[in-house]
Amino acid sequence: MAVSTSPPADLSAALVLEPVAAADWLVILPVAWCLAIGALLVMLRRPIGLHPFIAVAGLAGLVAIDGLLLQHVIANGPVTMVMGRWLPPFGIAFTVDLTGALFALTAAVVALAGGVYSMADVNDSGRRYGFYPFLMLLMAGVSGAFLTGDIFNLYVWFEVLLISSFGLIVLGSEREQIDGAVKYGFLNLVATTLFLVTTGYLYASFGTLNMADIAQKAEGLRGTAPLMTLTALFLLAFGMKAAAFPVNVWLPASYHTPRVVVSALFAGLLTKVGIYALIRVTVMLLPVEREELSLVIAAVGALTMLVGVFGALAQSDFRRMLGYLVISGIGSILAGIAVGGPGGIGGAIFYALHSMLVMTALYFASGVAAQLGGSFSLSSLAGLYRRHAGFAAISLMLAFAVSGLPPFSGFWPKVMLVKAALDIGAWWLAAALLVTGFLTTIATGRFFLLAYWRDKADDGLAGTVKARIPAAILLPLVALTLLTLTIGLYPEPLLATIQDAAAGLSEPSAYLNSVFPGGVR
Amino acid sequence: MKSLIFRAVAPFLTSLMVLFSIFVLLRGHNEPGGGFIGGLIAVSALAIYGIACGVETVRRAIYFHPMAIAGAGLFAATIAGLISMAARVPFMTGLWIYPSLLGVEVPLSTVTLFDCGVYLVVVGAISSIALSLEERGGE
């Protein structure tokens with residue numbers, strides 16, 4: 001009735017009137033798909049045995065959707081859809097550019113690997129507790145964060161993924177897990193609150209929350225609005241999310257407590273969402289302020305790298321060491337953001353994507369190692385090479401990848417970052433990157449030496465019995481390892497796409513044009 | 001609870017409140033009300049029933065597990081957004097139909113479906129919390 005009686009008005013000023021192409025639905029579909037599957041799983045409480053199959057099928061569908069989305073964005077440039085037909089900046093926009101699409105696809109691949117791995121790792125009680133609904137809702141939050149074009153909406157997706165991650169981290173309700181979850185939860189809530197406060201401050205200065213609108217208004221407001229304060233606050237909030245140096249303590253305190261698959265997903269996804277948000281805000285929205293703060297970001301990045309890798313050297317627990325390696329990787333990405341330019345930003349994006357794949361695979365490997373050796377601790381973990389030589393080979397490949405050695409995926413971003421740092425004369429940053437790579441090799445090499453090559457002292461012949469690894473665990477591990485090997489051997493297509501993505505962030509005219517097709521309103 | 005008056009009144013009070021919550025839900029499109037507040041009223045009704053007659057009675061009365069109700073609500077809300085795909089308009093655009101039921105024109109919309117979804121999510125999630133709190137508090 002509301003429509004039939006209202007007076008005629010010029011709707012074109014407020015609404016999107018042209019029909020939406022079916023391909024544009026790919027922008028919102030990853031989120032809607034994950035939400036729908038997650039809701040379905042919450043409803044299906046009885047047939048708990050079906051959960052893994054529905055979730056894995058759903059995640060495979062998500063990979064397909066994100067793949068099509070990336071293809072669409074490569075072919076047609078950034079794509080926008082506004083919710084409820086309202087024109088931006090008032091309607092909430094989902095805008096996907098190459099960066100968002102690349103991150104979303106990699107996240108979906110990681111989640112699919114985690115879904116397959118969980119078939120062997122999550123038992124019936126974990127399923128009844130709701131592992132799979134939480135996983136799907138986590139993916140809804142992660143995809144939403146990568147695809148949205150509205151900064152308050154970004155905050156909402158942060159909340160969605162945070163709440164799901166709380167559910168995942170306490171899965172099992174053991175004492176140690178609750179302890180880790182409290183630290184994780186508290187510090188993440190502080191970071192999210194800071195993000196919200198900063199967003200409110202940003203809205204007060206700009207009068208808009210749409211990212212494209214902010215990017216084009218920033219130039220005019222540079223003299224009057226407190227943009228440096230905003231950038232510094234965003235840096236702190238997202239740095240906390242990403243576990244950058246002074247605010248990194250929550251990560252090693254919590255990532256070793258949940259199930260292996262949960263640690264793996266967190267290491268692959270959560271810190272990278274923080275990094276993505278930092279790249280989006282500092283590089284695209286407030287580039288001049290990023291330039292001003294570049295020395296701070298570079299120092300934070302170098303310290304994060306070194307603190308991470310020294311922490312990794314000091315650990316004797318497999319998963320704790322990996323937690324520190326996650327932090328060290330964040331430092332390298334921050335170095336890229338600090339350097340800026342196509343090389344620096346491209347290197348940061350490449351490193352983030354590489355880190356998502358490799359850190360997840362390494363956590364999987366830690367789970368397998370604990371299964372074969374009976375412990376995560378280096379003091380009792382030994383003889384893995386004798387138990388399963390193929391697994392040892394995979395682990396070694398992953399160790400090389402995380403250290404940035406060729407021919408694996410870690411090598412190319414490291415080259416890009418070092419070259420970009422040297423190009424602007426930041427030799428100390430380049431040195432920090434190289435030293436970190438060297439120390440990471442030592443940390444992982446030490447682990448390999450002790451856990452894989454050292455023979456178990458006590459159990460004589462039993463230690464030489466060849467072990468079998470379930471297919472559900474081996475498959476994602478091998479797939480991710482092959483993926484990093486492929487990227488390492490044949491990086492050209494990905495490299496070209498990433499360079500386009502970095503260029504699209506530094507010069508966002510295509511992004512702005514996608515949100516405001518008629519030019520500046 | 002041992003009070004006879006309370007136990008006698010509670011079922012009537014509960015049914016009245018649930019009815020009122022649905023009224024508030026449907027009223028919400030143009031006037032104050034809506035799925036969230038309606039859901040909260042429905043949960044308070046269930047909570048009163050639980051205090052009077054025990055949590056088991058409430059669980060039997062609502063038949064479905066509270067979390068399943070919340071899941072159904074989330075599913076309905078997502079579907080409400082996806083319907084606009086068929087009409088070739090952006091996600092979450094409000095679409096209306098006006099079928100005539102028994103000679104009365106009834107405006108139905110995806111917005112209402114979304115609001116019903118919100119209602120169910122609130123009913124499911126909050127009653128899940130309330131019922132488990134009552135369960136533990138009673139012993």
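## The β1-β2 loop of chain A

Arg85(A) sits in the loop that connects β1 and β2 of chain A; helices (H or I, at least four residues) and strands (E, at least two) are DSSP runs numbered from the N terminus. The model is a predicted one, in which local features need pLDDT of at least 70, side-chain atom pairs count only at pLDDT 80 or more, and totals for chains, interfaces and linings use all residues. Residues are numbered from 1 along each chain as its sequence is written, while chains are lettered from A and ligands numbered from 1 in the order in which they are written.

Arg85(A) has a phi near 75°, which is positive although the residue is not glycine. Arg85(A) counts as buried because 20 C-beta neighbours lie inside 10 Å. The cut-offs are 20 or more other C-beta atoms within 10 Å of a residue's own for buried, 12 or fewer for exposed, and partly exposed in between, with C-beta atoms placed from the backbone. Pro89(A) has its place in the loop between β1 and β2 of chain A, and the peptide bond leading to Pro89(A) from Pro88(A) is cis, with omega near 5°.

## The strand pair

Strand β1(A) covers residues 79-82 and runs antiparallel to β2(A), with four bridges joining them; two strands pair if DSSP finds at least two bridges between them. One bridge partner of this pair is Val96(A) in β2(A), which is matched with Val79(A). Strand β2(A), residues 93-96, is covered on both faces. Ala93(A) and Thr95(A) are buried on one side, and Phe94(A) and Val96(A) are buried on the other.

## Chain A overall

Chain A has 23 helices and two strands. Its radius of gyration is 23 Å, close to the 24 Å that the globule rule gives for 521 residues, so chain A is as compact as a globular protein of that length. The radius is taken over C-alpha atoms, and the rule is 2.2 Å times the number of residues to the power 0.38.

Along the principal axes, the C-alpha atoms of chain A fill a box of roughly 85 × 60 × 40 Å. Buried residues make up 60% of the 521 in chain A. Among contacts in chain A with a separation of 6 or more, 80% join residues 24 or more positions apart; two residues are in contact if their C-beta atoms, placed from the backbone, lie within 7 Å.

## Helices α20 and α22 of chain A

Leu429(A) belongs to helix α20(A), residues 427-453, and is buried, with 25 C-beta neighbours inside 10 Å. Beyond its neighbours within four places in sequence, Leu429(A) is in contact with Ala298(A), Ala302(A), Ala335(A) and Ala421(A). Leu429(A) and Ala299(A) are separated by 130 residues in sequence, but their C-alpha atoms are 8.2 Å apart.

Helix α22(A), residues 492-506, has 15 residues that should span 21 Å at 1.5 Å a residue, and this agrees with the 21 Å between its end C-alpha atoms. The expected span is 1.5 Å times one less than the number of residues. Buried residues of α22(A) include Thr497(A), Ile498(A), Asp500(A) and Leu505(A). The buried residues of this helix pack against α3 (51-76), α4 (98-121), α12 (260-285), α16 (341-373) and α23 (509-515) of chain A.

A second cis peptide bond joins Pro406(A) to Pro407(A), with omega about 0°. Pro407(A) is in the loop between α18 (389-403) and α19 (411-423) of chain A.

## Chain B

Chain B contains five helices and four strands, in the order α-α-α-α-β-β-β-β-α from the N terminus. Its C-alpha trace spans about 55 × 30 × 25 Å along the principal axes. Of its 139 residues, 37% count as buried.

Tyr119(B), in helix α5(B), residues 110-138, is buried, with 29 other C-beta atoms within 10 Å. Leaving aside neighbours within four places in sequence, its contacts are Leu25(B), Gly35(B), Gly38(B), Gly39(B) and Gly73(B). Tyr63(B) lies in the loop between α3 (55-62) and α4 (66-82) of chain B. Tyr63(B) is not a glycine, yet has a positive phi of about 65°; Tyr63(B) is exposed, with 8 other C-beta atoms within 10 Å.

## Interface and confidence

In the interface, 20 residues of chain A are in contact with 21 residues of chain B. On the chain A side, α2 (29-43) and β1 each supply at least two residues. The largest share, seven residues, comes from α2(A). By class, this side of chain A has 17 nonpolar, one polar and two charged residues; Ala, Val, Leu, Ile, Met, Phe, Trp, Tyr, Cys and Pro count as nonpolar, Asp, Glu, Lys and Arg as charged, and the others, Gly among them, as polar.

The model scores ipTM 0.90 and pTM 0.93. Chain B averages a pLDDT of 89, and 97% of its residues score at least 70; pLDDT is the predictor's confidence in each residue, from 0 to 100.
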